[in-house]
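Good morning, colleagues. Please take a moment with the sequence and the model before I go through them.

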Amino acid sequence: ILRFGSQGVGDGQFFGGNLKLVTDSANNVYVHDSHLERVQKFAPDGTYLLKFGGDDVFSNSQDLAIDSAGNIWVADRLGRKVVKFEGN
């Protein structure tokens, strides 16, 4: 069992609420934290890599998906938009 992250608002932490995750073709893990309005990326071993999104991008993000090209898509319910973040 691999466990990573902790409660909080810093890098590699999750505040709670609705957490969703997807993996890419390299087995990196993307975790969406709806309370903090951000997505964090972790290596397959759980090492924190980066974050994107935030209150300046989303007003009520709900879900995420990753396509075959590695792009990350995030749905924002109150913002009435879908945001594409280009993958590697």
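Of the 88 residues of this protein, 40% count as buried. I should say at once that the model is a predicted one. The exposed surface comes to about 5300 Å², and carbon and sulfur atoms supply 50% of that area.

Let me turn to the overall dimensions. For 88 residues, a compact globule would have a radius of gyration near 12 Å, and the value for this protein is 12 Å, so the two agree. The C-alpha trace spans about 35 × 30 × 20 Å along its principal axes.

As to secondary structure, there are 9 strands and 0 helices. The pattern along the sequence therefore reads β-β-β-β-β-β-β-β-β, with strands as DSSP runs of at least two residues. Of the contacts with a separation of 6 or more, 29% are between residues 24 or more positions apart.

The charges can be dealt with briefly. The protein carries 9 positive and 11 negative side chains, and the centres of these two sets lie 4 Å apart.

Now to the interior. Nonpolar side chains in soluble globular proteins tend to be buried together. Which residues form the largest nonpolar core here? There are 10 of them: Val-22, Tyr-30, Val-39, Phe-52, Phe-58, Leu-64, Ile-72, Val-74, Val-83 and Phe-85. Strand 8, residues 72-76, and strand 9, residues 81-85, are the elements that give two or more residues to this core.

Within that core, I would point to Ile-72. Setting aside residues up to four places away in sequence, Ile-72 touches Tyr-30, Phe-52, Leu-64, Ala-65, Ile-66, Val-83, Lys-84 and Phe-85.

Next to Ile-72 in the numbering is Asn-71, which sits in the loop between strand 7, residues 61-66, and strand 8. Is Asn-71 buried or exposed? Its relative accessible area is 11%, and because buried means under 20%, Asn-71 is buried. Beyond its neighbours within four places in sequence, Asn-71 is in contact with Ala-65, Ile-66, Lys-84, Phe-85, Glu-86 and Gly-87. For one of these partners, Lys-84, the separation is 13 residues in sequence and 6.7 Å in space, C-alpha to C-alpha.

A further buried position is Val-31, in strand 4. The relative accessible area of Val-31 is 5%. Not counting residues up to four places away in sequence, Val-31 touches Phe-14, Leu-19, Lys-20, Leu-21, Arg-38, Val-39, Gln-40 and Phe-42. One of these, Val-39, belongs to the core listed a moment ago. By C-alpha positions, Val-31 and Glu-86 are 16 Å apart in space, with their places 55 residues apart in sequence.

Finally, some backbone geometry. Most residues other than glycine have a negative phi. Two positions deserve a look against that background. Asn-27 is not a glycine, yet has a positive phi of about 70 degrees. Asn-27 is placed in the loop between strand 3, residues 19-23, and strand 4, residues 29-33. Glu-37, also not a glycine, has a positive phi of about 55 degrees. Where is Glu-37 found? Glu-37 lies in the loop between strand 4 and strand 5, residues 38-42. Glu-37 is moreover buried, with a relative accessible area of 6%.

That concludes my remarks, and I would welcome discussion.

Methods. Residues numbered from 1 in each chain as written. Predicted model: local features only at pLDDT ≥ 70, side-chain atom pairs only at ≥ 80, totals over all residues. Heavy atoms only, no water. Helix = DSSP H or I, 4+ residues; strand = E, 2+ residues; numbered from the N terminus. Rg over C-alpha atoms; globule rule 2.2 N^0.38 Å. Buried < 20%, exposed > 50% of the residue type's maximum accessible area, 1.4 Å probe, protein only. Contact = heavy atoms within 4.5 Å. Areas by Shrake-Rupley, 256 points an atom, 1.4 Å probe, with all protein chains shown as cover. Lys, Arg positive; Asp, Glu negative; His and termini not counted. Charge placed at Lys NZ, Arg CZ, Asp CG, Glu CD. Core = buried A, V, L, I, M, F, W, Y, C linked by side-chain atoms within 4.5 Å.
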